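Hi,

Here is the structure I promised to pass on. Have a look at it first, and then read my notes below.

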Amino acid sequence: MNLFGKSIIGLENFSSDEIRLVLDTAKEMKKIIRSGEKKVSNLRGKAIINLFLENSTRTRTSFELAGKYLGADVVSINASTSSMTKGESLRDTLRTVEAMGVDAVVMRHKAEGSAEYATKCIKPIIINAGDGAHAHPSQALLDLLTIEESKNRLEGLKVAIVGDILHSRVARSDIFGMTKMGMEVHLAGPKTLLPRFFNFDGVTIHENVEDAIKNADVINVLRLQLERMQAGLFPSAREYARIFGINKNRLSLAKDDVLILHPGPQNKGLEISDEVTYCEKSAIHSQVENGVAVRMALLDLTLLGVRD
Ligand code: NCD
């Protein structure tokens, strides 16, 4: 099993062994992040472009640092400063960066399927950093790493994913990753923000958040993706916070040692209260560190492969 030379589009295409390989490699990568030096030469001579055509703080910065910690040359291109604002197509933009000799393109784009499309346009490895509401594989992998570090296992754990499931690429990738690793997934959100036709082994849908978080080992709170919504999908911010918001009271339904995740950025006070964000059960800060480690693992494994 090897991810060498492979593009990373979504976890639907991953086996549980491949997920295990990424998690174990990421644990090794954390040692580099925590060392004084924060620099190795694994990817020396490799060039990576971060092509971010949708906004990002965590994912873009952590992919950039991940490449740099591994010794690659990394250049980031943002939507607002690229020639796409002058009307250049995605295909021509990709072919332009390919001509510069890059080995991998980390790409974020608002259209579902854009990362897969990119693999048809150019030869370098494509790593999907989020394509519309479709997939966000590195986020799901960092979620798994954060859970495993805290619980020492994944199999058999009950996770509740709460919020805007319909528009969330994080939810989609989490569902594939978590079920492949033997976790029991419960989804909850307003009816208008839940998938309409959904039948997935190991996944239960609830319209009531209390049912989903009861005895949960992990609660992953999702942001309302206001930029992907038409108006009227939930009554009002205050109503949403009251019925679905994760606050200290609701938390008492979950296991005592429940772990709280949120991919960020947050709509403050809407889907999660500050009290929960900053409480001792929250692993939101660890998710960010683990994001760098998982992205280092993905770059290392796809550009260099497993070595003896
Ligand atoms: C997520 C994303 O961009 O899909 N954020 C992230 O990568 N840290 C979730 C979100 O934007 O809500």
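**What I found**

Let me start with a loop residue: Asn215 comes out as partly exposed, because its relative accessibility is 46%. You will find Asn215 in the loop between α7 (209-213) and β8. Its backbone is worth a look too, since phi of Asn215 is near 60°, a positive value in a residue other than glycine. Keep in mind throughout that this is a predicted model.

Asn152 also turned up on my list. Asn152 has a positive phi of about 60° although it is not a glycine, and its place is the loop between α5 and β5, just after α5. With a relative accessibility of 68%, Asn152 counts as exposed, because the cut-off for that is over 50%.

The helix before it, α5 (residues 137-151), gave me a quick check on geometry. It has 15 residues, and at 1.5 Å a residue these should span 21 Å; the end C-alpha atoms are 21 Å apart, so the two agree. Is α5 mostly covered or mostly open? Mostly covered: 13 of its 15 residues are buried.

**Two domains**

The protein chain splits into domain 1 (11-135 + 289-303) and domain 2 (137-287). Note that domain 1 is written as two segments. How far apart do the C-alpha centres of domain 1 and domain 2 lie? The answer is 25 Å. Across the boundary, 32 residues of domain 1 are in contact with 29 residues of domain 2. Together the two domains bury about 2,500 Å² between them, and 59% of that is on carbon and sulfur atoms.

**The four-stranded sheet**

One open sheet has four strands in the order β2-β1-β3-β4, and the pairing is parallel. Its edge strands are β2 and β4 (125-131), each of which pairs on one side only. From one strand to the next, the twist averages 15°. Helix α3 (residues 90-99) packs on this sheet, where it touches β1, β2 and β3 (104-109), and its direction makes about 155° with that of β3. Helix α11 (residues 284-303) lies across β1, β3 and β4 and runs at about 150° to β4.

Strand β1 (residues 47-52) is largely enclosed by the rest of the structure, because five of its six residues are buried. β1 pairs with strand β2 (residues 73-78) in the parallel sense over six bridges. If you want a pair to centre your view on, try Ile49, whose bridge partner in β2 is Val75.

Ahead of β1, the loop that comes from α1 (16-34) holds Lys38. Lys38 is partly exposed, with a relative accessible area of 32%. Which residues does Lys38 contact, leaving aside its neighbours within four places in sequence? They are Ile32, Ile33 and Tyr69. Lys38 and Gly71 are 33 residues apart in sequence, and their C-alpha atoms are 9.6 Å apart in space.

**The five-stranded sheet**

The other sheet I looked at is also open, with five strands in the order β7-β6-β5-β8-β9 and parallel pairing. The edges are β7 (203-206) and β9 (259-261), and each of these pairs on one side only. Here the twist averages 20° from one strand to the next. Helix α6 (residues 169-180) packs on the sheet and touches β5, β6 (184-188), β7 and β8; its direction makes about 170° with that of β5.

Within this sheet, β5 (residues 158-162) pairs with β8 (residues 218-221) in the parallel sense over four bridges. Ala160 stands opposite Ile219 in β8.

**One cis peptide**

Last, look at the stretch after β9. The peptide bond from Gly264 to Pro265 is cis, with omega near -5°. Pro265 lies in the loop between β9 and α10 (274-277).

Cheers

Terms used
Residues numbered from 1 in each chain as written. Predicted model: local features only at pLDDT ≥ 70, side-chain atom pairs only at ≥ 80, totals over all residues. Heavy atoms only, no water. Pairing = 2+ DSSP bridges. Helix = DSSP H or I, 4+ residues; strand = E, 2+ residues; numbered from the N terminus. Axes fitted to C-alpha atoms, helices over the stretch in contact; angles between N-to-C directions. Contact = heavy atoms within 4.5 Å. Expected span 1.5 Å × (residues − 1). Buried < 20%, exposed > 50% of the residue type's maximum accessible area, 1.4 Å probe, protein only. Domains from an automatic or database assignment. Buried area = accessible area lost by both parts, 1.4 Å probe.
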